[in-house]
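Here are my notes on this model, set out as numbered points. Please read them with the coordinates open.

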Amino acid sequence: MHLCPTFLLLLLRWVRLHLWVRRWRCSNGNNSRLPTCAQRRWAYLRVMVRSLYYNSLTSSDVIMDSLMEPIFWVVDVLTRWFGPVFVCLVVVLTSSILLIAYVGLLPMVLSTYSPPWIAWHIGYGHWNLVMIIFHYYKAIRTAPGYPPKVKNEVPFVSVCKKCIIPKPARTHHCGICNACVLKMDHHCPWLNNCVGHFNHRYFFCFCLFLTLGCAYCSISGRNLFLDAYSAIESTYQTPPPTYTFRDKMFHKSIIYMWVLTSTVAVALGGLTIWHAVLISRGETSIERHINNKETERNATRGKVYKNPFNYGRLNNWKVFLGVEKRSHWLTRVLLPSGHAPYGNGLTWDIYPIRKDMMPV
Ligand SMILES: [Zn+2]
Ligand SMILES: [Zn+2]
């Protein structure tokens, strides 16, 4: 919008110059050279026009980013629109597994298993279920944290080109949320929310406990799956075995449950391990790319890059989980806990700090 008056002015000047050149050529013949003053004005006009789009930082990366911008925009819009659909999908798939577990498996466990195995399945299964539901709900409902939009004294490292506000350290802009997010990790479509400073722990714990829950279903249901699979295969024999409708539904449900939980356990397990590695290094998914580039850039100069937010492996976990004393490993890690994360997400302790920042 600011360019409109400038552009109109340039257009008028260009039209006036063009008319003047045409008049001059008509009176002197087309092959005549322009006088020096006209050449100067023409060159001046060209410089003015080029100054509108000149950028000293232009490189192949910038050009590629500009060309890819429409694709990013489409992906952002689709992710924003399909966010609620992904959340519904998680709820529906999890509910379907719970339905099979309570209607199909629990009566069988209670009637055929020994008391210790019944206690284990009921105890572990419900603890795992509570941890999944709690962390998923909190990850969705907790805002990731946003930098202040009014003037403040918080130190910042850059200014967001889209929000036009100062960005504190570790803050990044999310194109889907259209906002700057404190210690942004990534935008998660399965949560329909950004993963940032205030909900990073909930996101990771949800991934961890869902992986554990799926692995538990997959391992403990393996024999049931094999039985159900051979029962379905045997229906192609002649004569086919006589299964009731209830038996057939049970076999299909077991196969559905085993395939789904095994697939999620492997796929989400990989993601969880990757995030665990990042947390151990004291970096987010975005910072991983930044730190890799910085490491390469420093290596070309013969220097070693040190991540300023890496406080040591154990300290990184204590900071991430909010473990400030020994009992917190139980009350804040193994039980549902809504405690706030360490720090305000605006300012960060920079390495080196005192050796054991949260002695436990
Ligand atoms: Zn922003
Ligand atoms: Zn986002």
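**Notes on the predicted model**

1. Start with N178. At 55% relative accessibility, N178 is exposed. N178 sits in the loop between β3 and β4 (179–181). Its phi is near 55°, a positive value in a residue that is not glycine. Bear in mind that this is a predicted model.

2. A second asparagine deserves a look. N192 also has a positive phi, about 55°, and is not a glycine. N192 belongs to the loop between β5 (186–188) and β6. Its relative accessibility is 34%, so N192 is partly exposed. For background, most residues other than glycine have a negative phi.

3. Which residues coordinate the zinc ion (ligand 2)? The donors are C174 (SG), C177 (SG), H187 (ND1) and C194 (SG), at 2.1 to 2.3 Å. Angles among the four donor atoms run from 101 to 116°, and the site is tetrahedral. Along the chain the donors follow the spacing C-x2-C-x9-H-x6-C. C174 is in strand β3 (residues 172–174) and C194 in strand β6 (residues 193–195), so this pair ties together parts that are 20 residues apart in sequence.

4. Two of these cysteines can be checked for burial. C174 has a relative accessible area of 2% and is buried. C194 is buried too, at 0% relative accessibility.

5. Now the zinc ion (ligand 1). Its donors are C160 (SG), C163 (SG), H173 (ND1) and C180 (SG), at 2.0 to 2.3 Å. The four donor atoms subtend angles of 99 to 129°, which makes the arrangement tetrahedral. The donor spacing along the chain is C-x2-C-x9-H-x6-C. C180 is buried, at 3% relative accessibility.

6. Aromatic contacts come next. The count is 14 aromatic pairs. W127 and F209 make one that is edge-to-face, with 5.4 Å centre to centre and 90° between the planes. W127 lies in helix α4 (residues 115–141) and F209 in helix α5 (residues 200–220), so the pair ties together parts that are 82 residues apart in sequence. W127 is partly exposed at 26% relative accessibility. F209 is buried at 3%.

7. What is the geometry of the F134 and Y202 pair? The ring centres of F134 and Y202 are 6.2 Å apart and the planes meet at 80°, so the pair is edge-to-face. F134 is in helix α4 and Y202 in helix α5, so parts that are 68 residues apart in sequence are tied together. F134 is partly exposed, with a relative accessible area of 22%. Y202 is buried, at 4% relative accessibility.

8. One aromatic cluster should be listed by name. W120, Y124, W127, F209 and Y216 form it. The W127 and F209 pair of point 6 thus sits inside this cluster.

9. There is a charge over a ring as well. R170 lies over the face of W348, at 4.6 Å from the ring centre.

10. How many cavities of 30 Å³ or more does a search of the whole structure find? The search finds two. The largest cavity holds about 250 Å³ of space. Its lining has 20 residues, and K183, N316, V319, F320 and W348 lie nearest its centre. The elements giving two or more residues to this lining are α5 and α9 (313–321). W348 therefore appears twice in this note: in the cavity lining and under R170.11. Last, the open space. The largest pocket has a volume of about 1,300 Å³. The pocket is lined by 38 residues, of which K162, K167, H172, H173 and I286 lie nearest its centre. H173 is also a donor to the zinc ion (ligand 1). The elements that give two or more residues to the pocket lining are α3 (60–112), β1 (158–159), β3 and α8 (285–300). Which of them gives the most? The answer is α3, with nine residues.

Definitions and conventions: Residues are numbered from 1 along each chain as its sequence is written. Chains are lettered from A and ligands numbered from 1 in the order in which they are written. This is a predicted model: local features need pLDDT of at least 70, side-chain atom pairs count only at pLDDT 80 or more; totals for chains, interfaces and linings use all residues. Side-chain values use heavy atoms; hydrogens and water are left out. Donors are N, O and S atoms within 2.8 Å of the metal (3.2 Å for Na, K and Ca); water is not among the atoms, so sites may look incomplete. Four donors count as tetrahedral if all angles lie between 85 and 135 degrees; four count as square planar and six as octahedral if opposite donors are over 155 degrees apart and all others between 65 and 115; anything else is irregular. Helices (H or I, at least four residues) and strands (E, at least two) are DSSP runs, numbered from the N terminus. Buried means under 20% relative accessible area, exposed over 50%, partly exposed in between (1.4 Å probe, protein chains only). Rings of Phe, Tyr and Trp (its six-membered ring) pair if their centres lie within 6.5 Å; planes under 30 degrees apart count as stacked, over 60 as edge-to-face and the rest as tilted. A charge sits over a ring if NZ of Lys or CZ of Arg is within 6 Å of the ring centre and within 35 degrees of the ring normal. On a 1 Å grid over the protein atoms alone, a cavity is a set of points where a 1.4 Å probe fits but cannot get out, and a pocket is an open set with protein on both sides within 12 Å along at least five of seven lines; lining residues have an atom within 4 Å of a point. Grid points are joined across faces, edges and corners, and a volume is the space filled by probe spheres set on the points.
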